[in-house]
Amino acid sequence: MSSPAAGRRLLSFLVAGPASIRQAANGAKLLLEAGERGTIAVPGDLLAVLASRGVVVRTSHTVALSEQGLALARRLLSLQAENGRRDIGLVTFDEPDAPAALANLSESPLAQLVRRKGKDGKPFLDMEEFRAGERLRADYTRGQIMPRLGANWVASVSSGRRGGAGGGADLTDAVLGARQRVDNAIAAVGPELSGVLIDVCCFLKGLELVESERGWPVRSAKVVLKAALATLARHYSPVKERERPCVLHWGAADYRPSIG
């Protein structure tokens, strides 16, 4: 899986113009060459995803930003210029109709966790878990689920109407669809793990705050969140049921089963 930083690097490279493509020595990556602008290596799966989302236009030998991609790239440069070099990344989701989006990685607790490494030197969160959490947050935002609903926020998912000052206004299909996806995701994760997902992914609460509010031991929220994100990732990308292993019989070279 490609990191949000890889998408940011690709946008920054292509905003100045198209580039030619050739295969890298590492079969999983492609080299983008643009004369005086130099050469960068990008994951091949990232380029395929961005092409399917309409962010880039690719031919057999070249790649360039589409109008949508150019708008994203200009927005990226604008955000980076506002307060110096802000940590902006490009996030994509597995859902075919989900657009690519920019995310401020410095504000997202998940973005900070995905860059941490455990004692074994491996990232604490893998990209599937990170993308699952960001996808939940995207649907939570699209669904206009208000923080004031607190623990009872699920009740709003199938209501079909907004609360607050705009109460009674019909919601669009896109909003209702996002709410339904959130409902399905939380149901799949279960009540024991869903609370920490909402706190961290949707309300952007830090792990220390979650532990303080819930009365949990120090550093326990990280463990619970890891389990919750793994479950959420399986919900979004279910693994096909594996075939049952064949039953083997050990015998001598001249063994023949009896029939009867």
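This tour proceeds from the whole chain to selected residues, one helix, ring contacts and a pocket.

**Before selecting**

The model is predicted: local features require pLDDT of at least 70 and side-chain atom pairs count only at pLDDT 80 or more, whereas totals for chains, interfaces and linings use all residues. Residues are numbered from 1 along each chain as its sequence is written, and side-chain values use heavy atoms, with hydrogens and water left out.

**The whole chain**

Display the full chain, which holds nine helices and seven strands. These elements are DSSP runs numbered from the N terminus (helices: H or I, at least four residues; strands: E, at least two). Colouring by accessibility shows buried residues making up 41% of the 260 residues; buried means under 20% relative accessible area, exposed over 50%, and partly exposed in between, with a 1.4 Å probe and protein chains only. Of the contacts (heavy atoms within 4.5 Å) between residues at least 6 apart in sequence, 52% join residues at least 24 apart.

**A19 and V55**

Select A19, in strand β1 (residues 19-23). A19 counts as buried, at 4% relative accessibility. Leaving aside residues up to four places away in sequence, A19 touches F13, L14, L32, E33, A34, H61, T62 and V63.

Next, select V55, in the loop between α2 (44-52) and β4 (56-58). V55 is buried, with a relative accessible area of 0%. Its contacts, again without residues up to four places away in sequence, include L11, L50, A64, L65 and A100. For a distance label, use V55 and L70: they are 15 residues apart in sequence and 7.8 Å apart in space, C-alpha to C-alpha.

**Helix α8**

Select residues 207-214, helix α8, where L207, V210 and E211 are buried. Viewed down the axis of α8, the buried residues fall within an arc of 95 degrees, so they line one face of the helix; the arc is taken from the directions from the helix axis to the C-beta atoms. An α-helix has 3.6 residues a turn, so residues three or four places apart point the same way. E208 and S212 are exposed on the other side of α8. Add α4 (109-114), α7 (191-202) and α9 (220-236), which are among what covers the buried residues of α8. Just after α8, G215 takes a positive phi of about 70 degrees.

**Rings**

Show Y140 and F203, an edge-to-face aromatic pair with 5.8 Å centre to centre and 80 degrees between the planes. Rings of Phe, Tyr and Trp (its six-membered ring) pair if their centres lie within 6.5 Å; planes under 30 degrees apart count as stacked, over 60 as edge-to-face and the rest as tilted. Y140 lies in helix α5 (residues 127-142) and F203 in the loop between α7 and α8, so the pair ties together parts that are 63 residues apart in sequence. Y140 is buried, at 4% relative accessible area, while F203 is partly exposed, at 24%.

Two charged ends sit over rings (NZ of Lys or CZ of Arg within 6 Å of the ring centre and within 35 degrees of the ring normal). That of R37 is over F13, 5.0 Å from the ring centre, and that of K222 is over F124, 5.1 Å from the ring centre.

**The largest pocket**

Finally, select L113, R116, G206, L207 and E208, which lie nearest the centre of the largest pocket among its 14 lining residues. The elements giving two or more residues to this lining are α4, α8 and α9.

Definitions and conventions. On a 1 Å grid over the protein atoms alone, a cavity is a set of points where a 1.4 Å probe fits but cannot get out, and a pocket is an open set with protein on both sides within 12 Å along at least five of seven lines; lining residues have an atom within 4 Å of a point.
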